[in-house]
2 protein chains.
Amino acid sequence: MKYEIRFLPSEITTRAPEGTTIFNAANWAGLAIDSTCGGRGTCGKCKVRVEQGNAPVREADRKFLSPGELNDGWRLSCRAVLHSDCVVDIPRLMGNPKAALLGYGHHVILNPNVAKIYLELSEPNLEDQVSDLARIHAALDKEGYDVRSNLTLWRSLPNILRGSNFQVTAVIVGDELIALEPGDTREKNYGIAVDVGTTSVVCAIVNLNTGAVEAVKSDLNRQAPFGADVISRVSHTMFEKEGLVELQARIVETLNALLEQLTAQSGIARENIYEAVIVGNATMLHLLLGIDPEPISVAPFIPTITQPVTFRAADLTPDASSRTPRHPSTMRDDASPHPSPYQGEGQGVRLNPEARVSTLPHLGAYVGADIVAGILATDLTRNKDGKLRLLIDVGTNGEIVLGSVNGTLATAAPAGPAFEGAQIKNGMRASAGAIEGVTITPQGVSLQIIGGDVEPLGIAGSGLVDAVAEMYRAGIVDASGRMIRVEDARGKLPDALVERLVTIDGVRAFRLTDVESNIVLTQQDIRALQFAKGSIAAGVEVLMQQMGVTANDLHEVLLAGSFGSYINPASARTIGLVPWVPVEKIIAVGNSAGEGAKIALLSFREREAANRIPEFIEYVELSGRGEFNDIFTDALAFPKLTNDERRTTEEPRVMEIASSVVVGPSS
Amino acid sequence: MKYEIRFLPSEITTRAPEGTTIFNAANWAGLAIDSTCGGRGTCGKCKVRVEQGNAPVREADRKFLSPGELNDGWRLSCRAVLHSDCVVDIPRLMGNPKAALLGYGHHVILNPNVAKIYLELSEPNLEDQVSDLARIHAALDKEGYDVRSNLTLWRSLPNILRGSNFQVTAVIVGDELIALEPGDTREKNYGIAVDVGTTSVVCAIVNLNTGAVEAVKSDLNRQAPFGADVISRVSHTMFEKEGLVELQARIVETLNALLEQLTAQSGIARENIYEAVIVGNATMLHLLLGIDPEPISVAPFIPTITQPVTFRAADLTPDASSRTPRHPSTMRDDASPHPSPYQGEGQGVRLNPEARVSTLPHLGAYVGADIVAGILATDLTRNKDGKLRLLIDVGTNGEIVLGSVNGTLATAAPAGPAFEGAQIKNGMRASAGAIEGVTITPQGVSLQIIGGDVEPLGIAGSGLVDAVAEMYRAGIVDASGRMIRVEDARGKLPDALVERLVTIDGVRAFRLTDVESNIVLTQQDIRALQFAKGSIAAGVEVLMQQMGVTANDLHEVLLAGSFGSYINPASARTIGLVPWVPVEKIIAVGNSAGEGAKIALLSFREREAANRIPEFIEYVELSGRGEFNDIFTDALAFPKLTNDERRTTEEPRVMEIASSVVVGPSS
């Protein structure tokens with residue numbers, strides 16, 4: 001049951017389900033309503049006038065509105081729930097709300113979940129014996145905050161109040177009073193946005209007063225030695241006695257090391273970081289929380305938690321004693337009498353000792369909170385243009401989201417590690433010396449190498465896509481992925497290319513560099529890439545079939561993640577990794593997961609919108625579908641080349657961190 | 001603003017303030033409404049029909065009631081808030097609610113804050129990939145429970161669910177899911193009710209399914225070596241570096257020792273104890289929570305917390321590192337490099353690891369949660385008879401509550417330690433060998449001694465009151481408290497008494513025993529008692545004056561605490577400790593604090609009623625009142641004897657644990 005709401009004076013109309021608050025409906029429609037409590041009914045600032053429609057008077061209304069106002073239809077929009085169509089007048093915002101531009105052109109009105117309130121309390125005396133805690137609650141109540149608090153705070157109260165002449169700053173996260181600080185400390189108010197990837201972890205310190213990113217840094221996930229992908233990480237927890245504790249310790253260690261550098265670099269004290277929004281795939285977040293990820297990894301693929309959760313950063317403490325292994329008999333047990341070495345990160349993630357962590361929801365076992373953050377950052381499910389977009393995060397798993405404000409599907413396709421450079425003869429991670437762009441001309445091969453004018457060391461995932469696309473365009477491989485034989489190539493291909501065709505251990509290969517560097521792409525490498533891209537392309541196809549759309553219906557194809565940033569859109573299209581759409585419609589959206597985390601950190605309303613994203617998305621499980629294998633087999637081949645492509649005019653993009661190196665014909 | 005509600009079919013009428021829910025109003029009026037969620041709007045069972053009056057439809061109403069029912073005036077009583085007079089029909093309870101008789105004739109309908117719900121969950125499969133946590137929430141939602149949960153629970157989920165074939169018992173305390181147990185464990189459901197006294201601690205294990213007290217035990221508070229009264233305990237925290245941590249450790253240790261014995265004796269596992277309701281005076285509860293009690297002890301006497309609070313039992317962990325001393329310069333610092341020895345009780349109070357503790361509110365710095373519990377147990381503020389009652393808890397501080405359902409005052413009078421047997425020449429605590437009852441006849445003195453036929457060792461508080469009352473009745477002391485001189489006594493008093501008048505170190509005294517035992521009561525002892533009883537009597541007088549009532553208006557005088565149980569009512573009246581009312585109106589109510597804690601443990605509705613008690617009571621601070629000293633001076637003398645008293649026919653009560661010993665004239 002949906003109702004229509006017309007907002008005045010903007011004349012914007014939206015439809016929302018029964019039970020939605022006017023506050024949320026306005027927010028989804030992109031209309032800002034004043035509020036300091038974020039829609040909790042405690043600040044009284046979000047009043048609107050209901051001109052038509054049914055809005056019964058609620059408790060909170062009576063608290064904040066006069067009988068005259070109630071009579072005139074004024075209601076708190078966060079308490080007013082839709083039970084009919086209605087017309088609602090939203091007063092102009094009094095203050096000028098601060099805003100930040102984040103994500104993919106996403107305009108975010110600052111409305112963080114952390115509030116710092118400076119209180120000048122009256123000192124108690126024999127006529128005013130109100131207790132410390134009640135005194136603070138009364139003062140916060142006046143400011144519109146109705147909060148909970150805990151034992152740690154209570155213990156700090158008598159000394160902080162009396163040591164500061166009862167002038168303190170209350171730190172509120174959500175509906176919890178987490179700390180009191182002596183004096184006026186409102187200026188120092190920070191949070192962190194974190195994207196925990198299987199390979200790397202990105203952390204940004206964000207100023208919650210201004211929206212500015214004060215420092216940002218990415219680092220390798222220190223779980224990496226236990227396996228490159230989520231499956232090997234999960235295996236480690238299954239077969240090593242303290243595997244889970246160990247992996248949790250590693251990720252907590254990674255975060256603490258990043259924080260160490262970020263706080264040193266920015267001069268921001270960890271005590272002034274009060275909240276973290278953390279996104280990542282389901283396995284990574286389960287490991288971070290210390291929850292056994294095994295049921296995620298075996299059919300029927302069940303995460304323990306998909307909903308958004310909140311907890312203390314200090315509670316992310318790896319603790320061997322609290323976990324019982326599920327496979328004691330199959331576990332390697334070194335029978336060590338020593339206590340676990342992983343008790344070391346005993347303070348969890350070291351922010352303010354009472355800082356809270358919030359996660360975003362997962363859509364399913366293999367479409368995680370990082371993708372939800374990406375959907376938030378790209379506005380895929382909310383863009384009022386109603387146009388269809390395809391979001392692909394290419395990695396070991398390819399996460400695929402297809403949809404618009406009218407409905408969205410999501411799935412995960414097991415791509416394997418080819419895009420990460422694994423299982424490729426000269427493959428490597430996208431780091432200094434990696435080939436990330438390839439152009440093949442009749443005169444030879446020109447390469448873009450990460451780090452600029454350095455000796456090429458191997459091929460990164462984006463270089464692999466580029467190389468294979470160029471080899472296909474140049475006729476070195478055919479549509480089935482077969483590499484041309486030297487004898488067939490002679491006379492057909494320029495000599496400068498023919499001489500690069502070699503055979504290594506009986507396998508055909510194409511040399512990208514001079515003989516000295518000797519970096520080659522083998523027939524097997526091409527097959528690996530075909531499997532990887534075929535899997536993702538099949539996933540896209542399944543979603544398009546289920547939705548009854550084709551590539552022509554796609555308004556944009558958004559490539560997320562660092563791989564998405566470096567990949568050449570034309571090449572991705574040439575090999576069939578993405579559907580055939582005009583090249584300008586293939587857009588790299590960067591670290592959309594991290595952007596989404598920042599948006600959720602800076603705006604509680606946006607976070608609530610993110611938390612509701614799963615309601616609007618249907619998760620499609622590929623492993624349950626019979627037709628998937630057929631579609632996958634069809635998707636292995638490369639699409640027919642267009643005339644444009646056969647000699648493409650697209651120049652491969654040159655990233656800031658790369659520079660062109662032309663490698664001439666070798667002698 | 002109060003409204004009148006008439007309940008049908010009972011025709012009981014009550015008045016309640018604007019904003020009260022019908023559910024609570026019915027509860028205060030003693031009417032039971034069905035509910036499993038305890039008034040949280042989630043079970044949908046508390047529906048009533050509003051026949052007259054204004055009750056707007058709320059969200060929860062729409063969830064549980066049909067449009068037809070809504071039209072007929074049916075509402076969830078826990079959501080329906082009073083904004084006008086009304087008439088409400090309460091359906092007869094379907095089930096037969098279990099009830100227990102507790103406190104002072106208090107009939108308690110079982111409605112504990114702990115719920116154990118057995119869930120037979122469907123196992124996930126590829127068509128049903130709902131996460132573990134969402135699966136549990138959905139099942140609990142069906143049962144009417146909308147709960148929060150935490151990291152510890154999430155960590156336990158995957159293994160507990162898969163180890164029990166998804167058949168588990170959910171343990172809910174309040175709105176928190178604190179544990180999942182494999183299989184059906186509903187039978188094992190316990191809580192503890194605790195009264196933390198300055199001197200002794202009482203703990204009862206209560207069966208939350210039946211209301212039965214399974215085991216109960218009292219023990220000395222192990223803080224006792226640090227001082228007999230709250231002031232010396234507070235001093236210890238002020239002047240010893242780790243004083244606060246030490247005292248917290250001692251009380252946690254006391255509770256754990258009691259639990260050790262109670263669980264052993266009852267065979268109940270601590271894992272099946274899920275909640276504790278703890279009462280005590282403000283200083284004791286601050287020490288238990290590890291909160292600096294100093295501001296309670298010095299003007300203007302401000303507790304950190306007066307409101308009821310809830311926290312994890314495991315968090316009652318004495319931890320030196322978390323507390324900063326307030327008086328570092330005046331503290332004795334042994335400069336020990338060793339870690340605090342009080343880290344030992346690192347698991348807090350050892351119940352189920354996730355058990356919750358709730359406290360009741362304090363009325364003020366010196367009228368604590370123990371008194372609020374006593375008010376609950378005696379129904380002082382709620383008894384529908386509307387009659388005026390005086391509740392006195394006699395101890396180092398005398399807590400005094402005067403009132404009825406029409407209004408109540410409370411105060412604390414500093415009685416000093418005389419009633420505890422301190423500062424009395426032959427005083428002792430009420431233990432074996434203590435004189436607790438005294439009768440003086442012309443033939444001599446007869447004594448009741450604790451432990452029966454044993455040699456008297458000293459005088460307990462109740463014996464002191466009895467002895468002085470009898471000496472006054474017999475003419476050995478006069479109304480001003482002066483003891484008669486031997487020379488004046490000769491011829492006026494029987495010889496058997498005159499020969500007991502002695503002088504010790506120049507001070508007059510009266511010998512209660514034979515010469516061998518030589519237990520005497522000195523002129524100084526009588527003065528000490530006068531100060532103690534004068535202080536309490538003055539407190540009572542201040543409250544009566546403020547309320548504009550006299551002793552004639554008192555329906556009952558309730559004596560609480562162990563001292564109240566042993567004191568002779570007639571003697572208490574004779575010396576003016578209590579106002580002059582007929583002796584049958586002076587009633588010992590026993591450990592009303594412990595009874596109140598049990599009631600609050602067994603019924604969440606009663607607990608909510610207890611938590612609101614402070615709203616109905618005005619706390620009177622004696623130290624701020626100029627007239628107190630005058631009233632106190634007047635209250636030092638003994639009241640004029642009535643003819644009845646001069647040769648009283650009242651026999652001193654003989655307690656079960658005592659027996660009469662007649663001590664004849666000594667030679």
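Two strands count as paired if DSSP finds at least two bridges between them. Keep that in mind as you walk through this predicted model.

**First stop: the hairpin partners.** Select residues 167–173 of chain B, which form strand β9. β9(B) pairs with β10(B) in the antiparallel sense, over 6 bridges. Now pick V173(B): its bridge partner in β10(B) is E176(B).

**Second stop: the whole sheet.** Add β8 (114–120) and β10 (176–182) of chain B to your selection. You now have an open sheet of 3 strands, in the order β8-β9-β10, with antiparallel pairing. Which strands stand at the edges? They are β8(B) and β10(B); each has a single partner strand, so one side of each is left without a neighbour in the sheet. Turn the view along the sheet to follow the twist, which averages 25° from one strand to the next.

**Third stop: the helix across the sheet.** Select α5 of chain B, residues 151–163. This helix lies across β9 and β10 of chain B, and runs at about 30° to β10(B).

**Last stop: where the chains meet.** Show chain A as well. Here 45 residues of chain B are in contact with 45 residues of chain A. On the chain B side, colour α4 (132–142), α5 (151–163) and α9 (294–297), each of which supplies at least two residues. Which helix gives the most to this side? α5(B) does, with 6 residues, and α5(B) is also the helix you just saw lying across β9 and β10 of chain B. Finally, colour this side of chain B by residue class: 22 residues are nonpolar, 14 polar and 9 charged.

Notes. Residues are numbered from 1 along each chain as its sequence is written. Chains are lettered from A and ligands numbered from 1 in the order in which they are written. This is a predicted model: local features need pLDDT of at least 70, side-chain atom pairs count only at pLDDT 80 or more; totals for chains, interfaces and linings use all residues. Two residues are in contact if their C-beta atoms, placed from the backbone, lie within 7 Å. Helices (H or I, at least four residues) and strands (E, at least two) are DSSP runs, numbered from the N terminus. Ala, Val, Leu, Ile, Met, Phe, Trp, Tyr, Cys and Pro count as nonpolar, Asp, Glu, Lys and Arg as charged, and the others, Gly among them, as polar. Axes are lines fitted to C-alpha atoms, for helices over the stretch in contact, and angles run from 0 to 180 degrees between N-to-C directions.
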